[in-house]
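Welcome! Please take a look at the sequence and the model below, and then we can walk through them together.

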Amino acid sequence: MPDIDMKLEVVVIPVADIERSTAFYQRLGWRKDVTPPGVVQFTPHGSWCSVQFGATLTAAEPGSAKEYLIVSDLVATRQALVAAGIEVSEIFHVTPDGPADGLDPERAATGRGRRSPTRTATSGCSRRSPTGCRAGSTRPW
């Protein structure tokens, strides 16, 4: 099947509060798509893939999904999230010894930042927690 053009279209994410999750993605400025009743779908700018959630779409535990959003400019993206009122950690990158503050120096020096393991945690998630989020997290999912 290597000659068949395939693209991932939707990732279903389990959420605890549909209204709060909807408000979160609206603050991000993601496009809210037209969907059947009971399904909420948002698509990031320039993305082929959307996120969906709804009361009956999955039996998975809220907060159990793991996804990654790739951005072309992490610093500008972080600034835009903060300006939108999203709780965001400082930028960090992962090293063999664990998380380290700032952009990944190797990726920043080579200009390969788009696929960099540099991260920023959003909306109550903490890089210092083994699960990525602290208890009582403000994440919408």
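## Aromatic rings

This predicted model contains 5 aromatic pairs. One of them joins Tyr-25 and Trp-30, whose ring centres are 5.1 Å apart and whose planes meet at 45°, a tilted arrangement. If you wonder why two numbers are quoted, a pair of aromatic rings is described by the distance of the centres and the angle of the planes. Both partners are tucked away: Tyr-25 counts as buried because its relative accessibility is 7%, and Trp-30 counts as buried because its value is 15%, with the cut-off for buried set at under 20%.

Tyr-25 and Trp-30 also belong to one aromatic cluster, together with Phe-24, Phe-42 and Phe-53. Another ring to look for is that of Trp-48: Lys-7 lies over its face, at 4.6 Å from the ring centre.

## The chain as a whole

Now let us step back. The chain has 3 helices and 7 strands. Follow them along the sequence and you will read the pattern β-α-β-β-β-α-β-β-α-β.

The chain has 141 residues, and 34% of them are buried. About 9300 Å² of the chain is exposed, and carbon and sulfur atoms supply 54% of that area. What share of the contacts between residues at least 6 apart in sequence joins residues at least 24 apart? The share is 54%.

## Helix H1 and its packing

Helix H1 spans residues 18–28, and its buried residues are Ser-21, Thr-22, Phe-24, Tyr-25 and Leu-28. Viewed down the axis of H1, these buried residues fall within an arc of 160°, so they line one face of the helix. What do the buried residues of H1 pack against? Their partners are strand E2 (31–32), strand E3 (40–43), strand E4 (50–53) and helix H2.

Both ends of H1 have a detail to look for. At the start, a side-chain oxygen of Asp-17 comes to within 3.1 Å of the backbone nitrogen of Glu-19. After H1 comes Gly-29, which has a positive phi, near 85°.

## Helix H2, two sides

Helix H2 covers residues 74–83, where Leu-74, Arg-78 and Leu-81 are buried. Seen down the axis of H2, the buried residues fall within an arc of 60°, so they line one face of this helix. On the other side of H2, you will find Gln-79 and Ala-83 exposed.

The start of H2 features Asp-73, with a side-chain oxygen that reaches to within 3.2 Å of the backbone nitrogen of Val-75. Just after H2, Gly-85 adopts a positive phi of about 85°.

## Asp-33, in a loop

Asp-33 is located in the loop between E2 and E3. Is Asp-33 buried or exposed? Asp-33 counts as buried, because its relative accessibility is 13%, while the cut-off is under 20%.

The side chain of Asp-33 makes a polar contact with the side chain of Thr-43, at 2.6 Å. Setting aside neighbours within four places in sequence, Asp-33 is in contact with Gln-41, Phe-42, Thr-43 and Ser-50. Phe-42 is a member of the aromatic cluster too.

## Gln-52, in a strand

Gln-52 sits in strand E4. With a relative accessible area of 16%, Gln-52 is buried. The side chain of Gln-52 forms a polar contact with the side chain of Gln-41, at 2.7 Å.

Which residues touch Gln-52, once neighbours within four places in sequence are left aside? They are Val-10, Val-11, Val-12, Ile-13, Val-39, Val-40, Gln-41 and Leu-57. You can also compare the positions of Gln-52 and Pro-14: these residues are 38 apart along the chain, and their C-alpha atoms are separated by 8.6 Å.

## A last stop at His-93

To finish the tour, find strand E5, residues 92–95, where His-93 has its place. His-93 counts as buried because its relative accessibility is 7%. The side chain of His-93 reaches the backbone oxygen of Leu-103 at 3.4 Å.

Key
Residues are numbered from 1 along each chain as its sequence is written. This is a predicted model: local features need pLDDT of at least 70, side-chain atom pairs count only at pLDDT 80 or more; totals for chains, interfaces and linings use all residues. Side-chain values use heavy atoms; hydrogens and water are left out. Helices (H or I, at least four residues) and strands (E, at least two) are DSSP runs, numbered from the N terminus. Buried means under 20% relative accessible area, exposed over 50%, partly exposed in between (1.4 Å probe, protein chains only). Contact means heavy atoms within 4.5 Å. Accessible areas come from the Shrake-Rupley method with a 1.4 Å probe; for residues, only the protein chains shown count as cover. A polar contact is a pair of N or O atoms within 3.5 Å; within protein, one must be able to donate a hydrogen and the other to accept it, and residues adjacent in sequence count only if both atoms are side-chain atoms. The arc is that of the directions from the helix axis to the C-beta atoms. Rings of Phe, Tyr and Trp (its six-membered ring) pair if their centres lie within 6.5 Å; planes under 30 degrees apart count as stacked, over 60 as edge-to-face and the rest as tilted. A charge sits over a ring if NZ of Lys or CZ of Arg is within 6 Å of the ring centre and within 35 degrees of the ring normal.
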